[in-house]
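Me: Could you take a close look at one part of this model for me? I'd like a connected account, with the cut-offs spelled out as you go.

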Amino acid sequence: MIRNHTDLHSDGYSGGRHPQDAALPDEPLDLRAALQIVEDAERSVHRQLSGNAAMVYLLWGLTWVVGYGALEGSRRGWLPLEPGAALVVLGVALAAATVSTVAMTIRGTRGLRGHTAFQGGMYGASWALGFLIMGILSGIIGRTVEDFWMRGMLINSIAVLIAGLLYITGGTTFNDRRQSFLGVWLLVVTIAALLSGPAYFLTVFLYLGSGGLLAGSLAEYLGTRKRKTAVSHA
């Protein structure tokens with residue numbers, strides 16, 4: 001009995017498909033799913049480069065609370081500290097946070113190669129060069145501006161400006177909207193601090209700056225937990 005032509009391949013293979021065709025997908029490429037895979041990979045790289053982003057934001061939020069809180073408390077008389085001593089507290093807190101962040105970043109980037117390593121290396125170099133310039137500018141401002149609080153406003157505003165721009169750059173590089181939004185918020189805080197003047201810039205950095213970083217930490221923590229829950233139920 002002669003079989004139907006749909007059951008017999010022209011090459012003699014039954015089932016209508018050549019064995020080589022079995023490796024080809026039955027469904028057309030889902031561009032939306034492909035884009036989602038790329039975005040997930042970018043976020044994964046970012047998390048690997050930045051370590052635990054929620055922990056980093058929390059660390060810097062607490063650093064701002066301690067450092068700017070010491071300066072604000074010194075100025076308003078809440079704390080028995082001279083401005084010079086409060087400035088030392090801020091410097092020690094910033095140094096501790098910087099060392100901790102670098103350690104977490106090195107741990108997260110260990111073993112990376114290729115384009116990912118290039119991205120991470122250039123991003124890290126941008127932070128290092130930006131704050132090297134910041135240090136040079138701080139020395140110039142310190143020699144030319146006599147008023148203690150005016151110096152503080154200028155130096156801290158430039159530092160937060162650099163951090164905000166780098167957060168936006170990091171967010172766009174690694175497709176991390178939360179990081180970009182945090183960078184935008186820090187730029188808004190810088191504008192508010194400069195407009196507030198030497199008398200209130202510390203208040204702005206203490207409440208709005210620290211609040212933004214702590215809120216960023218919470219948002220990153222909740223977002224990460226949501227992603228993990230979605231993956232575990234997939």
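What follows is a look at helix H5 and its surroundings. Which residues of H4 and H5 meet, and which residues make the contact between H2 and H5?

Reply: Sure, but first some ground rules. This is a predicted model, so local features need pLDDT of at least 70 and side-chain atom pairs count only at pLDDT 80 or more, while totals for chains, interfaces and linings use all residues. Residues are numbered from 1 along each chain as its sequence is written, and side-chain values use heavy atoms, with hydrogens and water left out.

Now the confidence: pLDDT (the predictor's confidence in each residue, from 0 to 100) averages 80 over the chain, with 74% of residues at 70 or more. Helix H6 (residues 177-196) has the highest mean among the elements, 95, and helix H1 (residues 31-50) the lowest, 61. Over residues 1-16 the value stays under 50, and the model has 13 contacts beyond four places in sequence for that stretch. A contact here means heavy atoms within 4.5 Å.

As for the overall layout, the chain has 7 helices and 0 strands, giving α-α-α-α-α-α-α along the sequence. Helices (H or I, at least four residues) and strands (E, at least two) are DSSP runs, numbered from the N terminus. Of the contacts with a separation of 6 or more, 64% are between residues 24 or more positions apart.

On to H5. Two packed helices are described by the angle between their axes and the distance between the axes. Axes are lines fitted to C-alpha atoms, for helices over the stretch in contact, and angles run from 0 to 180 degrees between N-to-C directions.

Start with H4. Helix H4 (residues 114-144) and helix H5 (residues 148-173) have axes 10 Å apart, at an angle of about 170°. That makes the two roughly antiparallel. The angle classes are: under 35 degrees roughly parallel, over 145 roughly antiparallel, 65 to 115 roughly perpendicular, and the rest oblique. On the H4 side the contact includes Tyr123, Trp127, Phe131, Met134, Leu137 and Ile141; on the H5 side, Leu154, Ile155, Ile158, Ile162, Leu166 and Tyr167 are among those that meet them. By residue type, this contact has 14 nonpolar, 7 polar and 1 charged. For that tally, Ala, Val, Leu, Ile, Met, Phe, Trp, Tyr, Cys and Pro count as nonpolar, Asp, Glu, Lys and Arg as charged, and the others, Gly among them, as polar.

Then there's H2. The axes of H2 and H5 come within 14 Å and cross at roughly 170°, which makes H2 roughly antiparallel to H5 too. Tyr57, Trp64, Tyr68, Leu71 and Arg75 of H2 touch Trp149, Asn156, Val160 and Tyr167 of H5. That contact splits into 7 nonpolar, 1 polar and 1 charged.

Zoom in on Ser157, which sits in H5. Ser157 is buried, at 4% relative accessible area; buried means under 20%, exposed over 50%, and partly exposed in between (1.4 Å probe, protein chains only). Beyond its neighbours within four places in sequence, Ser157 is in contact with Thr190, Ala193, Leu194 and Phe205.

Thr190, in helix H6, is buried as well, with a relative accessible area of 6%. Thr190 touches Ser157, Val160 and Leu161, again leaving out residues up to four places away. Its C-alpha is 7.9 Å from that of Phe205, 15 residues away along the chain.

Phe201 also reaches this neighbourhood: outside four places in sequence, Phe201 touches Trp149, Gly152, Met153, Asn156, Ala193 and Ser196.

That brings in the largest nonpolar core, meaning a set of buried Ala, Val, Leu, Ile, Met, Phe, Trp, Tyr and Cys residues joined through side-chain atoms within 4.5 Å. This core has 27 residues, and Trp64, Tyr68, Leu71, Phe201 and Phe205 have the most contacts inside it. H5 is one of the helices supplying at least two residues, along with helix H2 (53-76), helix H3 (83-109), H6 and helix H7 (201-233). H2 gives the largest share, 8 residues. Across the chain's 234 residues, 32% are buried.

Finally, just past H5, Asn175 lies in the loop between H5 and H6. Asn175 has a positive phi near 55°, in a residue other than glycine, and is partly exposed at 22% relative accessible area.
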